[in-house]
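Trainee: I would like to learn how to read a sheet and a helix pair from coordinates. Can we work through one case?

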Amino acid sequence: MPQISVVIPLYNEIDNVGPLCAALAAALGTADVEIIIVDDGSRDGSSAALDREAEQRGEQFKIIHLQRNFGQTAAMQAGIDVSRGEVIVTLDGDLQNDPQDILPLAQRLLAEDLDVVAGWRKNRQDGLLLRKIPSRVANRLIRRITGVWLHDYGCTLKAYRASVLKGVRLYGEMHRFIPAWLATLTYTDRIVEMPVRHHPRRAGQSKYGITRTFRVLVDLIFVKFFLGYSQRPMHFFGTIGLGFLSLGSLMLLYLFIIKFALGVEIADRPMLIAGVLFFLAGLQFLNTGVLGEMLARIYHESQDKKTYVVRGTVHLDPPA
C-alpha cells in the first residue's frame, strides 16, 4: 500500500500534461507514492496524452477518465475514492502548484501528527484585480464564518490524513471548503498551513473568473448551516420559529386587550395582519425544524453514517 496518494483533477490541459508528469516524476522519484490524475472529461486531447504518459512512466501513474466534465469537486472526489495512501495530497494540474512541495507537506503532516496541512500561496503569481483581491475578500469571509483560520482556502495543494478526509463527501463546488468540512471531524488545531511555491500559468487557459467569487459566497451560506446545524436543524429553524411566534403572539395579545378591554377598533390596523403573519411564519419554521430533524436521522441511519470518527483503538476486539 502506498503511503501517499497524490490526486490531481485535470481538464483541458493538453499543453501541461507532459511537463506535469515530468515534474511529478522528478519531485517524487522512488518515494512510496501513487499518482492519480483524474481527467475530467477533457476534449482537447489531454486524455490520450495522459494515457501515453502512464504507459511510459509505469504503475506509479494511474489515470481515471470521467465520462464528461463534472467539475473540479467531482473529479477530486473520484480520485479520493480510489486512493489507498495514508496521506492524500491534492493539487491542480496547471503547474501553478509545484510538485516539489508534495513531500514536505505530507512529511509535516506525519511528523507532527496533523490531519490537514494546507498550502499557502504566500507569493501568489496571479492577476491582482481579477484573482488576488477577490480571493483575499473571500478568504477573510470564509475564515470568519467557518472559524478555521487559513490564509488561502483557494490553494488546491493540501495534504490530508486519508482516514479523516474520507469521512466527508464533496458535492457541488465544495472542494475549496474541505478544511472547514473536516473541522466537523477533528480539532481546528490539527489543521495548519504551510507556505508553498506558486508559479504563473505557463500554458493553457484558466478555468476560473470573477464569477467564481459569487459562487463561493453562495456555497458559504450552506457551509455555515451545515457546520453548525447539520445534526440539529431544529436548533436553527426552531430558534427563528420561536422568535416569530413570540413576536406574533405579543402583537395579537396586545390587540386582544385593547379590543375587549378598551373597545378600540382593530380591524383596520396593520398590526393585525403583521401579528397573524408572524404567528404563522413561526409555526412554519417550527414545522420545518421538525422535518429537518427527521431528515437528518434518515440521512445518518439509512447510510449507517456515524456521528463520530475513531482515530484508533487499543486492545479492542473487532465486532463479531
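Mentor: We take the sheet, then a helix that packs on it, then a pair of helices. The model is predicted.

Trainee: In what order do the strands of the sheet run?

Mentor: Read from one edge to the other, the order is S3-S2-S1-S4-S6-S5-S7. These seven strands make an open sheet with mixed pairing.

Trainee: Which strands stand at the edges?

Mentor: Strands S3 (61-65) and S7 (191-195) do. Each has a single partner strand, so one side of each is left without a neighbour in the sheet. On average, neighbouring strands are turned by 20° against each other, direction ignored.

Trainee: In which sense do S1 and S4 pair?

Mentor: S1 (residues 4-10) and S4 (residues 87-90) are parallel, joined over four bridges. Within this pair, Val7 stands opposite Thr90 in S4.

Trainee: Which strands does helix H4 touch?

Mentor: H4, residues 102-111, packs on the sheet and touches S1, S2, S4, S5, S6 and S7. Its direction makes about 35° with that of S6.

Trainee: At what angle do H1 and H2 pack?

Mentor: Helix H1 (residues 14-28) and helix H2 (residues 46-57) pack at about 25°, their axes 9 Å apart. Angles under 35 degrees count as roughly parallel, so H1 is roughly parallel to H2. Their crossing is right-handed.

Trainee: Which residues meet there?

Mentor: From H1 come Ile14, Val17, Gly18, Cys21, Ala22 and Ala25; from H2, Ser46, Ala49, Leu50, Glu53 and Arg57. By class, the contact has seven nonpolar, two polar and two charged residues.

Conventions. Residues numbered from 1 in each chain as written. Predicted model: local features only at pLDDT ≥ 70, side-chain atom pairs only at ≥ 80, totals over all residues. Heavy atoms only, no water. Pairing = 2+ DSSP bridges. Helix = DSSP H or I, 4+ residues; strand = E, 2+ residues; numbered from the N terminus. Axes fitted to C-alpha atoms, helices over the stretch in contact; angles between N-to-C directions. Contact = heavy atoms within 4.5 Å. Parallel < 35°, antiparallel > 145°, perpendicular 65-115°, else oblique. Left-handed = near helix turned anticlockwise from the far one by under 90°. Nonpolar A, V, L, I, M, F, W, Y, C, P; charged D, E, K, R; others polar.
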